[in-house]
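Welcome! Turn the model around for a moment before reading on, and keep the sequence at hand. We will walk through it one place at a time.

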Amino acid sequence: MKLATFVRDAREHVGRVEGDEIIALGATDLRQLIAEGELQRSGGVEGPRYKLSDVTLRAPIPRPSKYLAIGLNYADHVREVGAKTPEWPSTFAKLQNSIAGPFDQVWRPRVSDSLDYEGELGVVIGRHCRHVPYERAHEVIAGYTVCNDFSNREWQKQLPVVVIPKSCDTHGPFGPWMTTPDEAGDPRKLWIKTWVNGELRQDSNTSEMIFDCYRLIELISQAVSFEPGDVITTGTPPGVGLGMKPPSFLKPGDVVRVEIENLGAIENTVIDEPANSARI
């Protein structure tokens, strides 16, 4: 089942995606639906049907209580950026202001021209949990989604903590929906690809992760209690702009598409940060 958050008639709704249509479920908050254990019931709910082309898709969880990200989680990516293989997941948070919809425009910030892409598998947590053993981690997952961890590389070099360089406004699009585990397949064996202006840049498989999604949940939950609707974006494979020789960063007009097997695709166009973005 594919569950999405969408806007229709200036109102936010939750819907079930079937083909090129979305069926409104009479709910407005997917995170609440997950917390109440209503996902399975959603498969039988019938409501108004709309063409996907007639609605605006938002991030499936527009306001997660936690949006965690993992760095250096594919061995080939570690090598391409000249880093050391981590013995522990390189974990950081992306702030809520970074979250954007699956087809929203992404800003190249005024303060830097080193905007980079990172196609990633996202995991949506399905229940309150802590100290989750590896063999039971699949039980706490509500679904999977497609993420792009846009990054301000210049600031990433300058600042000792990567939260701000990874949290610029609009730099955390994900979607286009959340796919439940029964349709997603094995999250440890999914193809992941990223294109920039139609050029294939990243072509890998989640089997190449150093820490798979179950291991990430096991380790992080030793310190952090997860809540329904929390999101973990699990790291990027090789092929980022920073790793090219010379490095190649995104510019206005570039279109970045990330696709993951069984989960769909997101596509974002880069624009310069709008002149009216200042709020004082």
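Let us begin with empty space: the largest cavity holds about 40 Å³. Keep in mind, as you look, that this is a predicted model. How do we find such a space at all? Rolling a probe the size of a water molecule over the atoms shows where empty space is left. In this structure there is one cavity of 30 Å³ or more. Which residues line the largest cavity? You can pick them out yourself: D29, R31, I61, P62 and R63. Sorted by class, that lining has three charged residues, two nonpolar ones and no polar ones.

Next, look for aromatic rings that pair up. The count comes to three aromatic pairs. One of them is made by Y67 and F174, whose ring centres lie 5.4 Å apart, with 45 degrees between the planes, and this pair is called tilted. Find the two partners along the sequence and you will see that they come from distant parts of the chain: Y67 sits in strand β6 (residues 67-71) and F174 in strand β14 (residues 172-179), 107 residues apart. Are these two residues buried or exposed? Both Y67 and F174 are buried.

Another pair, Y134 with Y214, is edge-to-face, with 5.9 Å from centre to centre and 80 degrees between the planes. Y134 belongs to the loop between β11 (119-125) and β12 (141-148), while Y214 belongs to helix α6 (residues 213-220), so the pair ties together parts that are 80 residues apart in sequence. The two partners make a nice exercise in reading accessibility. Y134 has a relative accessible area of 26%, so it is partly exposed. Y214 has a relative accessibility of 11%, so it counts as buried. The cut-off behind this is that buried means under 20% relative accessible area.

Since Y214 has brought us to helix α6, let us stay there. Seven of its eight residues are buried, so α6 is largely enclosed by the rest of the structure. The buried residues of α6 are C213, Y214, L216, I217, E218, L219 and I220. What do they pack against? Their neighbours are β6, β7, β11, β12 and β17 (231-233). Now look at the N-terminal end of α6, which is capped by D212: a side-chain oxygen of D212 lies 2.9 Å from the backbone nitrogen of Y214.

Two polar contacts are worth a visit too. Start at N97, in the loop between β7 (90-93) and β8 (99-100). With a relative accessible area of 38%, N97 is partly exposed. Setting aside its neighbours within four places in sequence, N97 is in contact with S167, C168, D169 and T170. With D169 there is a polar contact from side chain to side chain, at 2.7 Å. For a sense of distance, compare T234: it is 137 residues from N97 along the chain, and the C-alpha atoms of N97 and T234 are separated by 19 Å.

Then move to D149, in the loop between β12 and β13 (151-152). D149 has a relative accessibility of 1%, so it counts as buried. Beyond its neighbours within four places in sequence, D149 is in contact with F92, K94, D116, Y117, E118, E120, K166 and H171. With K166, the side chain of D149 makes a polar contact to the other side chain, at 3.0 Å.

We finish with the backbone itself. Most residues other than glycine have a negative phi, and most peptide bonds are trans. Where does this chain depart from that pattern? A cis peptide bond joins G175 and P176, with omega at about -5 degrees, and P176 lies in strand β14. Another cis peptide bond joins K245 and P246, again with omega at about -5 degrees; P246 is placed in the loop between β17 and β18 (255-260). As for phi, L72 is not a glycine, yet its phi is positive, at about 55 degrees. L72 is found in the loop between β6 and α3 (75-80), and at a relative accessible area of 25% it is partly exposed. H131 is not a glycine either and has a positive phi of about 50 degrees. The loop between β11 and β12 is where you will find H131, and with a relative accessible area of 52% H131 is exposed.

Key
Residues are numbered from 1 along each chain as its sequence is written. This is a predicted model: local features need pLDDT of at least 70, side-chain atom pairs count only at pLDDT 80 or more; totals for chains, interfaces and linings use all residues. Side-chain values use heavy atoms; hydrogens and water are left out. Rings of Phe, Tyr and Trp (its six-membered ring) pair if their centres lie within 6.5 Å; planes under 30 degrees apart count as stacked, over 60 as edge-to-face and the rest as tilted. Helices (H or I, at least four residues) and strands (E, at least two) are DSSP runs, numbered from the N terminus. Buried means under 20% relative accessible area, exposed over 50%, partly exposed in between (1.4 Å probe, protein chains only). On a 1 Å grid over the protein atoms alone, a cavity is a set of points where a 1.4 Å probe fits but cannot get out, and a pocket is an open set with protein on both sides within 12 Å along at least five of seven lines; lining residues have an atom within 4 Å of a point. Grid points are joined across faces, edges and corners, and a volume is the space filled by probe spheres set on the points. Ala, Val, Leu, Ile, Met, Phe, Trp, Tyr, Cys and Pro count as nonpolar, Asp, Glu, Lys and Arg as charged, and the others, Gly among them, as polar. Contact means heavy atoms within 4.5 Å. A polar contact is a pair of N or O atoms within 3.5 Å; within protein, one must be able to donate a hydrogen and the other to accept it, and residues adjacent in sequence count only if both atoms are side-chain atoms.
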